[in-house]
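Trainee: Could we go through the charged pairs together? I would like to hear the reasoning behind each label.

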Amino acid sequence: MGLTYLEHFLIQTIDFDATCDWYERVLGLQRGYTPDFRFPVQWMYLDGRDVLHITQGGDRVTENRRRYNGQESQAEFGSGVVDHIAFRCHGLPEMIAHLRRAGIEFRQRMVNEQGVYQLFLIDPNGVKIELNFANAEAIENGIVPELMAADLPA
């Protein structure tokens, strides 16, 4: 079980296009491939790696987003718009066992299109943490998610 690297963070915004444009224009990030999560999201890339995910926030969040990864804040400005921090990991069965032993609640999700099995948990400050594992770890160990992105209505 282990974290490999900080993968990305997600910002929720009430002005989706302006936020994407700002990160392109000011910081030089590039819009790129984004899996179909069945809710508005744009992945922004730096040197070929997605480092920032942008999605709709505030009180206009779609029901699909709420079902898939929740929404801890309806903030429209300030650090409350950072929805989660994601880490790339390995050792899915060990991590699940570890979280259960520690009494930590978590949700299990899968994105086939991206090949990622996800665990979502909340830190003591209410910050959502996303732990991303290769789908192969779940399949090899017979681990089944509670919800798959592809199962959400289009």
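Mentor: Happy to; what follows is a talk about salt bridges in this predicted model.

Trainee: How many salt bridges does a search of the whole structure find?

Mentor: The search finds six.

Trainee: What makes K128 and D83 a salt bridge?

Mentor: The closest N and O atoms of K128 and D83 are 2.8 Å apart. The cut-off is within 4 Å, so the pair qualifies. K128 sits in strand β8 and D83 in strand β5, 45 residues apart, so the pair links distant parts of the chain.

Trainee: Why is K128 called buried?

Mentor: Its relative accessibility is 0%, and buried means under 20%, so K128 counts as buried. D83 has a relative accessible area of 5%, so D83 is buried by that cut-off too.

Trainee: And why are D36 and R38 called partly exposed?

Mentor: D36 has a relative accessible area of 40%, and R38 has 27% relative accessibility. Partly exposed lies between 20% and 50%, so both residues fit. Their side chains meet in a salt bridge at 3.3 Å, N to O.

Trainee: How do you know that E146 and R109 form a salt bridge?

Mentor: Their N to O distance is 3.1 Å, and the limit is 4 Å, so the label holds. E146 lies in the loop between α4 and β9, while R109 belongs to strand β6. At 7% relative accessibility, R109 is under 20% and therefore buried.

Trainee: Which residues are linked in a network of salt bridges?

Mentor: D21, E24 and R31 are.

Conventions
Residues are numbered from 1 along each chain as its sequence is written. This is a predicted model: local features need pLDDT of at least 70, side-chain atom pairs count only at pLDDT 80 or more; totals for chains, interfaces and linings use all residues. Side-chain values use heavy atoms; hydrogens and water are left out. Buried means under 20% relative accessible area, exposed over 50%, partly exposed in between (1.4 Å probe, protein chains only). Helices (H or I, at least four residues) and strands (E, at least two) are DSSP runs, numbered from the N terminus.
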